[in-house]
Amino acid sequence: MNMALYRKQCVGLAAAIGMGAASAFGAAVQTTQPKTVTLRRSTTQPATVHAFYEAEVHAKVSGYLKSVEADIGDAVKAGQTLAVVDVPEMAKGYESQQAEVARLESARKQYRAAVEVARARIERARADVGKAKAEADAVILEFKRIQSLVKTKAVTQRLADESLSRKLAAEADLASVRASEVVAKANLTAAEADAAAADAAAIVARKRLEEMEVLMHYATLKAPFDGVVTERNVDPGDLVRNAANTGAVGQPLFGVAQVDKMRVRVPVPERDAIYVNVGDAVEFSCKAFGSEVIKAKVSRVARRLDPKTRSMLVEIDLPNDQGRLLPGMYGAVTILLDEKPDTVVVPSGSIRFNDDGSESVVYVLQGGATIAHVPVKVGYDNGVDVEILSGLKGSEQIVTGMLGRLKDGAEVSVVNR
């Protein structure tokens, strides 16, 4: 009998009884060819929906709640009143401080007027000094002239004595007005010091008044941004306390969330974190939307791993104009990490290891019936296909779907469905 015909008959018999049993000419195997595809690397991770902004509103002043202006589910604008705290003692203190500011402003004006008066006195004293000096200079010149005449006996001694008296009197007057100028300068310095002290006191009082105005504004609880009231834990008449002074912040009075745009937060494990970049395509799905998939892009990445979970936080912004997304929703996000066109891939089950496990190999069918171990360098494995970086051209017939090992050079029977 022709051996080739006999071999084909045996292969056909092996296929008929199960296509996995060994034939007379070796193990029955299935083969396939490597494929050239666009390989997409992605990661699918659990994701949680969060409001774009969330704020807890606490009281900054203590008092009884006068009124509640918003309730859960209400849409609010930034600055809109949520509640008002009644603070009558603070209002009285504010009025008292206003009166104190008015008193200090009046005193400041008086001290400033005193400064102007002191400056005028200095100017007058300077004028008096100039006048007295001019008169003294004239008297001294006259005295010197008379003294020279006395030496020639042109005038009497009595006239010389009178000239001396006028000289001494003029010098005394000059010294007196100069002393008055010094006193005026000292009074100006004192007046300016008093005015500066009054200015400082008025400034302190105004700052205290401004501080009280700020505290009075805190009595009106306002929405920090446009959003929805998600939490209300107070009723009119409730006693609220200054959260900053009680030590324990406790339960917020209101919760406000911006929900016209949402953040989807995804923890990406370490093995995939280095491949995530802003702008990567993502697909979000959750049970509430059934089979619907929302497509978006990565908005921001943390660029650090959480030391507890060894994962990196990734955020995706999703529009929520219709309000379908709710904070706290749980779903899954698939992030497209990389895309390689014209990539040679083989089925994951076709990758083997050599006898000592030092390198990856595939079983290539040579001559239609002989196995050859061909070393390959593998890349990304998506669980279905494995990227082949080197070792295969793409036209080979490789063994797939087999659990056992085949030796290099082993004879096999090909049984393809």
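1. A word on terms before we start: two strands count as paired here if DSSP finds at least two bridges between them. Please also keep in mind that what you are looking at is a predicted model.

2. Let me begin with strand E2 (residues 35-57), which has two antiparallel partners to look at. Nine bridges tie E2 to E9, and along this pairing Glu54 has Ala257 of E9 as its bridge partner. With strand E14 (residues 330-347), E2 shares 13 bridges, and the two run antiparallel. A handy place to find that second pairing on screen is Pro46, which stands opposite Ala332 in E14.

3. Strand E9 turns up again at the largest pocket, whose volume is about 220 Å³. Which strand gives the largest share of its lining? That is E9, with three residues. Strand E4 (75-76), strand E7 (227-232) and strand E9 (254-269) each contribute at least two residues to this lining.

4. Staying with the largest pocket, 15 residues line it, and those nearest its centre are Ala75, Gly227, Val228, Val259 and Asp260. What is the chemical make-up of the lining? Seven of its residues are nonpolar, four are polar and four are charged.

5. Now for the helices. Helix H2 (residues 88-151) packs against helix H3 (residues 157-218) at an angle of about 165°, and their axes lie 6 Å apart. Angles over 145 degrees count as roughly antiparallel, so H2 is roughly antiparallel to H3. The crossing of H2 past H3 is left-handed. Sorted by type, the residues of this contact comprise 37 nonpolar, eight polar and 22 charged ones.

6. There is also a four-stranded open sheet, with antiparallel pairing and the strand order E6-E5-E3-E8. Which strands sit at its edges? They are strand E6 (220-222) and strand E8 (239-240), each of which pairs on one side only. Within the sheet, strand E3 (residues 63-68) and strand E5 (residues 81-86) run antiparallel and are joined by four bridges. To locate this pairing, look for Val68, whose bridge partner in E5 is Ala83.

7. Last, a hairpin that is worth a look. Strand E18 (residues 377-381) pairs with strand E19 (residues 385-390) in the antiparallel sense, over three bridges. On E18's side you can pick out Asp381, bridged to Val386 in E19. How many residues lie between the two strands of this hairpin? There are three, and in this hairpin Gly383 takes a positive phi near 95°.

8. If you have time for just a few views, I would suggest these. Start with E2, looking at its nine bridges to E9 and its 13 bridges to E14. Then go to the largest pocket, where E9 supplies three lining residues. Finish with H2 and H3, whose axes are 6 Å apart.

How values were computed: Residues are numbered from 1 along each chain as its sequence is written. This is a predicted model: local features need pLDDT of at least 70, side-chain atom pairs count only at pLDDT 80 or more; totals for chains, interfaces and linings use all residues. Side-chain values use heavy atoms; hydrogens and water are left out. Axes are lines fitted to C-alpha atoms, for helices over the stretch in contact, and angles run from 0 to 180 degrees between N-to-C directions. Angles under 35 degrees count as roughly parallel, over 145 as roughly antiparallel, 65 to 115 as roughly perpendicular and the rest as oblique. A crossing is left-handed if the near helix is turned anticlockwise from the far one by less than a right angle, and right-handed if clockwise. Ala, Val, Leu, Ile, Met, Phe, Trp, Tyr, Cys and Pro count as nonpolar, Asp, Glu, Lys and Arg as charged, and the others, Gly among them, as polar. On a 1 Å grid over the protein atoms alone, a cavity is a set of points where a 1.4 Å probe fits but cannot get out, and a pocket is an open set with protein on both sides within 12 Å along at least five of seven lines; lining residues have an atom within 4 Å of a point. Grid points are joined across faces, edges and corners, and a volume is the space filled by probe spheres set on the points.
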